[in-house]
Amino acid sequence: MEEVAEGKDFSFPKEELKILRLWDELDAFHEQLKRTEGKPEYIFYDGPPFATGLPHYGHILAGTIKDIVTRYASATGHHVIRRFGWDCHGLPVEFEINKKLKINGREDVLKMGIAAYNEECRSIVMRYSKEWEKTVHRLGRWIDFDTGYKTMDASFMETVWWVFNQLFDKGLVYKGFKVMPFSTGLSTPLSNFEAGQAYKEVDDPAVMVTFPVEGDEHGASLIAWTTTPWTLPSNVALCVHPELTYVKVRDPVKDKVYIVAESRLASLPGAIPKKKKDSDKPQGGFEVISKCQGKELVGKRYTPLFPYFMHLAPQAFRVVSDTYVTDDSGTGIVHQAPAFGVDDHRVCLAFEIVQKDKLPCPVDLDGRFTAEVTDFVGLHVKAADKDITAKVKEAGRLFDAATYHHSYPFCWRSDTPLIYRAVPSWFVNVESIKDKLVQNNVETYWVPSYVKEKRFHNWLEGAHDWAVSRSRFWGTPIPIWTSDDGEEIVCVGSVAELEELTGEKVTDLHRHFIDHLTIPSKMGKGVLRRVDDVFDCWFESGSMPYGQLHYPFENKQLFEANFPADFVAEGLDQTRGWFYTLIVLSTALFDKPAFKNLVCNGLVLAADGKKMSKSLRNYPDPGEILDKFGADALRLYLINSPVVRAEPLRFKDEGVFGVVKDVFLPWYNAYRFLVQNVVRWELEGGPSSPRFHPLSPAELGGATNVLDRWIAAACRSLTNYVREEMMAYRLYTVVPYLVKFIDSLTNVYVRYNRKRMKGVTGREDAHMALASLYDVLLSVCKVMAPFTPFLTEHMYQNLSKCMPASVAQPSVHFCDFPAQQPPQPGDERIQLSVDRMQRVVELVRTIRERKNKPVKFPLKGLIVVHTDTVFLDDIQGELKEFVCSELNIRSLETCSDPLKFATLRAEPDWQALGKRLGKALNVVSKAVKELPGDKIMQFETDGFVEVEGHRLITGDIKVIHDFKAPEGTSGEELDANGDGEVLAVLNLQVDTELVQAGLAREVINRFQKLRKKAGLVVSDSVEVFYESAVPPAAHGHHPAASTSAASTSAAVLDGMLASPCGHTIREALGRPLLPLSRKAAYAVVIASEVTTVGSEEDGTLAHFKAVLAVPSVTFNWEALKVACSGSEELAEGVSVFLASRDLSRLQSEAYGAGGSLSVVVDAKRVFLKVGTHVFFSASAAATMAS
């Protein structure tokens, strides 16, 4: 393997760019597809975005989810076709062209010509396609743009015709006149799900208008309330609730009589008596004349407000009734304009106020009044509100005018207020298949499930017939040709059929290519002409499962063998959009859902919780985030958030940085540690030793080291867990598990095995430890490849260098996902024990912090208290050395009796018990708190306990261990810490041996820091020296004081090195720590630093100079002089000559000669023996001397 940069020098974004170049060189995506050909298909549908806008975080999120799932599917033995799709038709494109060409309505388009207009639309459809491709590519998403589908392709449009034709043949298509949400800004109706996409808080006029009742004995007027004064010119009826009580009241001030709902009387200004300052009695108010139920008012006639539709009398201008009228606002009387309200339309038809095909609709497609309304002709309806209100007031019919603050729907594209307007349309009869829709939804699997079971289910339950036609220009034309009288209808289902019926060659299905084509009538009605409409673009996107394959004209077997799709994913807003249209069309066509599995994500919001807005600039540009942190970090941040559970995410760039800091850097550092030590292991073995190689599963399975067995078990658990969660499409659970695993890998396996991997316990054991770490990191790369494709690829490219060429793959993304492995005997036990061990470590660290006893100071002992004797055996056995080393303690004992060091008490978990126990909570809680210690211990063993007739289980009760010091001890001698399960009791007493051990630990720390400061890596071999030094504070003082301080330091250090702690230092540094006087004169110093260890309190304060030097040849001068026949001059010449030689070559030469050297100086040959006359380091010479 090649050496790698330090974490602080490693740029994740820059390395990702290198990986992108590698994938391009490998043509990795297409190569993956080739390698998986013949494997079971995994079908994924990509919802088509518009290319007229740039990708945002919502697209990035959905794209990340799709890429993770499809990469995983490919890695688990599937062939996954991934084709990008483009939504090319509809309002977004026309809106852009209208802005560009300053087109204000349909007439402008017709003047320009549909052909010219449509070609303008075609020209901008793919405006930002390259930007999309660049962003998607940078994110690491593998998907095919070259063969992607476009809804404007003739093949796709032909399939849309086929879909519609199938529905037509099944009797699910009809032409109707329906009141729909209507965008006057776009001159087109919108579907209900489009209308619900953009609501705003607005202030609208709210007027109360009087309608004099004809022939009423009191001259009474009905009062209706409306927030849409522009609909008043079209009023033809008034509607009351049949069961509500209505009152006839007199206004004594104006001497006028009114009729309103009794419950709404208070909403009329002046109707309710009020107290005045100078009187205690209420004054004013309306006088009640009589009461009646709403149904008694039905049939009464009133004087029309405007004269425009007088020709509809005598059927019109009557009171009707319906239960949709409420008394929560207004007056309980609703004015009816059947062309501008869904309920108005329904009620007026039911009471025969108007006929279905003769609705009073004096508003054109641009939202302006037509010539029928002579007073307001040409005015836009919303702009006419003030003029209409003034006209009503002028006529003496305005009772009150105010403003009403409410939430109102706006056009999601033109940002203009919507109106409701009756329009002729072609409908799909969804209501007739509603039960099938609901049943097919049951057969699908959603994450999160509540979106399917509540939001989507409720939407399906209330589904209405779907108006699929739009009176627009740029879209797939409705393939219906009719006679002039509308009685003869032909629905065309293919290009071939159209060519046969018209006798014309057809190459493009857009309006300007086919509108002129006619079909001869078979009923003698001349020729049939195509209807004017095009499809709602949602119909096209709902047809994409078929259109992308040009089904049924091509790929028939591929589609039919793999429908429904395995997976789709989009945002929460698509429950009323794409998800809905998919299931409607698939149910209508095949009585199946269109997909099996669905992941629904929430909205990505700005950090302040507001919608991301370009104008507000309240979010970071995605490109900046990618350049700063990389795609992997952004991917992992997004899927490890509530947004993957269909909840909103407040996007914060510090969250992306958190992924780099908390996940990637620890993971990368574990990988770097492996690489460093593999390189060191190979260098120490020399050129004749075998290179590092991974061990086989059988060899790894025979590991005897407890941590090797533990990390292998943990890795199996990781693999199995990720497989289980991915099978359930729970992407958001993977990252927390990975973070915990990486933490265990770095803070347990790597940390506790440093000595083994550095070769302290022998070369063979080092190989086993390195091979175990290698195997784990390789497995993690394969497991995490779908989630973080770049970092895993970077690591794999280096890790694979250790594999045989026949095994190594060109890319980690060509590797199979690790197989699910059944737990091996002991897996559960060792994982649980190591987990508990780590908790013990954390508990003891807390005690040390609390008692101001840093880990550098050794302590006598630790007692671990737990009821599980199996765990106690483990921590007293195989795990003991790790606990003692990590916590710097001399002994470890265990105790299975928690009452020896603690008192137990139980506390009820209020949250767990509250809902379940209800009124019994207080009684049960009191009893729980009074449980004796033996009962609590039994509860911990059995997992349940009966309290006041209720069975309480684990999770209902919190068991708290309060430390109890044994008799004869004090808080200064012992302290404890527990987490409710494990109790750690720490002996805080200190003796001389412990003080020296603490000093040794400090010395080791100083040299390790100096190595790091010098920029050395693990494989860099250096010698370590010390020399007592004068403390900085002694400089400038009397020489005797300085000498005394230096002597004291020397005594402290020499005494420590002479104790067993000297061996500890040698083991930690890899070489003995020697006095600086032992350094060879020729040795080059790499780094030196004056430092301090110990403390004055315990008499261990020492100041010394730490020195790192390059290993150099050194000599036994007495033996060398003997070899030189007693000549000091010759001995000096020999030493100078050997010191000038390259040390590694000199070593090779000596080892090749059996440990001997032959040197010629001044024509005299001298024979030397390594280990007798010459040494290759000061430490070697010191070892021989000792």
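Trainee: Which side chain does a polar contact of 2.6 Å join to that of Glu-540?

Mentor: This is a predicted model, and in it Glu-540 is found in helix H16, which spans residues 537–542. Leaving aside neighbours within four places in sequence, Glu-540 is in contact with several residues, including Asp-87, Thr-151 and Phe-156. The polar contact of 2.6 Å between side chains pairs Glu-540 with His-89.

Trainee: What is the nearest side chain of opposite charge to Glu-540, and how far away is it?

Mentor: Glu-540 is buried yet has no salt bridge. A salt bridge would need a side-chain nitrogen of Lys or Arg within 4 Å of a carboxyl oxygen, and His is not counted among the charged residues, so the contact with His-89 does not enter this search. The nearest side chain of opposite charge belongs to Arg-470, at a distance of 11 Å.

Trainee: Why is Cys-411 without a disulfide, and which cysteine has the closest sulfur?

Mentor: A search of the whole structure finds zero disulfides, and Cys-411 itself is buried, with a relative accessible area of 1%. A disulfide requires two cysteine sulfur atoms within 2.5 Å, whereas the closest sulfur to that of Cys-411 is 11 Å away, too far for a bond, and belongs to Cys-537.

Trainee: Where in the protein is confidence lowest, and where is it highest?

Mentor: The mean pLDDT of the protein is 89, and 97% of its residues reach 70 or more. Confidence is lowest in helix H9, residues 192–195, at a mean of 64, and highest, at 97, in residues 154–169, which form helix H8.

Key. Residues are numbered from 1 along each chain as its sequence is written. This is a predicted model: local features need pLDDT of at least 70, side-chain atom pairs count only at pLDDT 80 or more; totals for chains, interfaces and linings use all residues. Side-chain values use heavy atoms; hydrogens and water are left out. Helices (H or I, at least four residues) and strands (E, at least two) are DSSP runs, numbered from the N terminus. Buried means under 20% relative accessible area, exposed over 50%, partly exposed in between (1.4 Å probe, protein chains only). A polar contact is a pair of N or O atoms within 3.5 Å; within protein, one must be able to donate a hydrogen and the other to accept it, and residues adjacent in sequence count only if both atoms are side-chain atoms. Contact means heavy atoms within 4.5 Å. pLDDT is the predictor's confidence in each residue, from 0 to 100.
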